[in-house]
Amino acid sequence: MPKTVALCYVYEGSGIRASATRTLMTALMLVGPPSKKHHKVVNTLDQALDWFVPFLAGPEFGNEAERRVAVSSLERHFNEYRERGAAT
């Protein structure tokens, strides 16, 4: 992923299992090889989208209106994915 600037892992849930998963992912990122990419583990989609916004500040990501469309598209995509998962 040479053009990847940031990765955000979203593990939704409030129980011990979700919390343990987030803790494990964070620990793996800390003990893994160093990376120039930014990584984050969060428990809601809103937290992930808020965290991503600063990484979309460069001119390669278009103007502000285009960035807003991109973030809205990400949110829509993840909500559709979540709904498909709940249906199975």
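Which side chain of opposite charge is nearest to the buried Arg22, and how many Å away is it? The tour of this predicted model opens with that residue.

Please select Arg22 first, within helix H1, which spans residues 16–31. Arg22 is buried but has no salt bridge. The nearest side chain of opposite charge belongs to Glu12, at 8.9 Å. A salt bridge would require a side-chain nitrogen within 4 Å of a carboxyl oxygen. Next, display the surroundings of Arg22: setting aside residues up to four places away in sequence, Arg22 touches Tyr11, Glu12, Gly13, Val41, Val42 and Asn43.

From this list, keep Val42 selected and add Ala6, Cys8, Ala48 and Trp51. Together these five residues constitute the largest nonpolar core. Strand S1 (6–10) and helix H2 (45–52) are the elements that each contribute two or more residues to this core.

Now centre the view on Ala48, a member of that core. Apart from its neighbours within four places in sequence, Ala48 is in contact with Cys8, Val10 and Val42. Of these contacts, Cys8 and Val42 also belong to the core.

Proceed to Trp51, another core residue. Trp51 counts as buried because its relative accessibility is 18%, and the limit for buried is under 20%. Add Phe52 and Phe55 to the selection: ring pairs link these two residues and Trp51 into a cluster. The aromatic pairs number two. One of them joins Trp51 and Phe55, whose ring centres are 4.8 Å apart. The planes of Trp51 and Phe55 stand at 55° to each other, and the pair is tilted.

How values were computed:
Residues are numbered from 1 along each chain as its sequence is written. This is a predicted model: local features need pLDDT of at least 70, side-chain atom pairs count only at pLDDT 80 or more; totals for chains, interfaces and linings use all residues. Side-chain values use heavy atoms; hydrogens and water are left out. A nonpolar core is a set of buried Ala, Val, Leu, Ile, Met, Phe, Trp, Tyr and Cys residues joined through side-chain atoms within 4.5 Å. Buried means under 20% relative accessible area, exposed over 50%, partly exposed in between (1.4 Å probe, protein chains only). Helices (H or I, at least four residues) and strands (E, at least two) are DSSP runs, numbered from the N terminus. Contact means heavy atoms within 4.5 Å. Lys and Arg count as positive and Asp and Glu as negative; His and the chain ends are not counted. Rings of Phe, Tyr and Trp (its six-membered ring) pair if their centres lie within 6.5 Å; planes under 30 degrees apart count as stacked, over 60 as edge-to-face and the rest as tilted.
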